[in-house]
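Open the model in your viewer and keep the sequence panel beside it. The stops below say what to select next and what is there.

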Amino acid sequence: MAGGIVEGPEGLLLVQNRRRNGALDWSTPGGVIEVHAGESVVDGLTREVAEETGIVVTEWVGPIYEVEAVAEGLGWHLRVEVHRAVAFHGEITVDDPDGIVVDARFVPLTDCGLRLEECQPWVREPLGSWLEERWLESRLFRYQLDGDRLPAITVVRVDS
């Protein structure tokens, strides 16, 4: 998977996602990269951002951070590369073929923390840290998820 940090004069580009249980949360745009189809991470990220938001990124840097979350009880291992857009154009248009993204907007940086409260810690914490520190070298954020049901899962950050 890949996520994209797209920052414009009006703030950070965030998308609102409708989850399988009907819950809504906000995150940066991105998604599953189809490596089996020969798609690079950056090409897939560019496609995902365009599909979800209408914004076309023409240049990325990164990854600026990576996230690993392992949930043995759920039988999944998540790995996400997060890149930062340095050149982009277009107008926001939500037309997600997966039907997950229901809204997209540039959110002022002062409001991002509030928007991200409902998303998972492995999304919220690395992004919040990067927004505060703006580091240049890629960092790894690792999480262990304990339990076999997502609503009752315990999330623990594992030092890298």
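Colour the chain by secondary structure: from the N terminus on, the elements run β-β-β-β-β-α-β-β-β-α-α-β-β. That makes 3 helices and 10 strands, where helices (H or I, at least four residues) and strands (E, at least two) are DSSP runs numbered from the N terminus. This is a predicted model, in which local features need pLDDT of at least 70 and side-chain atom pairs count only at pLDDT 80 or more, while totals for chains, interfaces and linings use all residues. Residues are numbered from 1 along each chain as its sequence is written, and side-chain values use heavy atoms, with hydrogens and water left out.

**Whole chain**

Select all C-alpha atoms. They fill a box of roughly 40 × 35 × 35 Å, taken along the principal axes. The radius of gyration is 15 Å, which agrees with the value near 15 Å for a compact globule of 160 residues; the radius is taken over C-alpha atoms, and the globule rule is 2.2 Å times the number of residues to the power 0.38. Of the 160 residues, 41% are buried. Buried means under 20% relative accessible area, exposed over 50%, and partly exposed in between (1.4 Å probe, protein chains only). Among contacts between residues at least 6 apart in sequence, 61% join residues at least 24 apart, a contact being heavy atoms within 4.5 Å.

**Helix α1**

Select 41-53, which is α1. Its 13 residues should span 18 Å at 1.5 Å a residue, and its end C-alpha atoms are 18 Å apart, which agrees; the expected span is 1.5 Å times one less than the number of residues. Gly44, Leu45, Thr46, Glu48, Val49, Glu52 and Thr53 are buried in this helix. Show the neighbours of those buried residues: they pack against β1, β3, β5, β6, β7 and β8 (101-107). Glycine 54 follows α1 and has a positive phi, near 85 degrees.

**Glycine 30 and threonine 28**

Move to glycine 30, in strand β5. Its relative accessible area is 17%, so glycine 30 is buried. Not counting residues up to four places away in sequence, glycine 30 touches Ala2, Gly3, Leu45, Glu48 and Glu52. Draw a distance to methionine 1: the two residues are 29 apart along the chain, and their C-alpha atoms are separated by 7.4 Å.

Step back to threonine 28, in the loop between β4 and β5. Threonine 28 counts as buried because its relative accessibility is 13%. Leaving aside neighbours within four places in sequence, its contacts are Gly3, Gly4, Ile5, Leu13, Leu14, Val15 and Leu127.

**Histidine 83 and the cis peptide**

Select histidine 83, in strand β7. At 3% relative accessibility, histidine 83 counts as buried. Beyond residues up to four places away in sequence, histidine 83 touches Gly3, Gly4, Ile5, Val41, Val42, Leu45, Trp60, Val61, Gly62, Pro63 and Ile64. Two of these names lead to the next selection: glycine 62 and proline 63 are joined by a cis peptide bond, with omega about 15 degrees. Proline 63 is placed in strand β6.

**Helix α3 and its end**

Which residues of α3 are buried? Pro121, Trp122, Pro126, Leu127, Trp130 and Leu131 are. The helix has 13 residues and reaches 18 Å from its first C-alpha to its last, close to the 18 Å expected at 1.5 Å a residue. Just after α3, arginine 134 takes a positive phi of about 55 degrees. Arginine 134 is found in the loop between α3 and β9 (139-146) and is partly exposed, with a relative accessible area of 33%.

**The largest pocket**

Finish with a surface. About 1400 Å³ of space lies in the largest pocket. Of the 43 residues that line the largest pocket, the closest to its centre are Met1, Arg19, Asp25, Gln120 and Trp122. On a 1 Å grid over the protein atoms alone, a pocket is an open set of points where a 1.4 Å probe fits, with protein on both sides within 12 Å along at least five of seven lines; lining residues have an atom within 4 Å of a point. Grid points are joined across faces, edges and corners, and the volume is the space filled by probe spheres set on the points.

Colour the lining by element: β7 gives the most, with 6 residues. Elements that each supply at least two residues include β1 (2-5), β3 (11-18), α1 and α3 (121-133).
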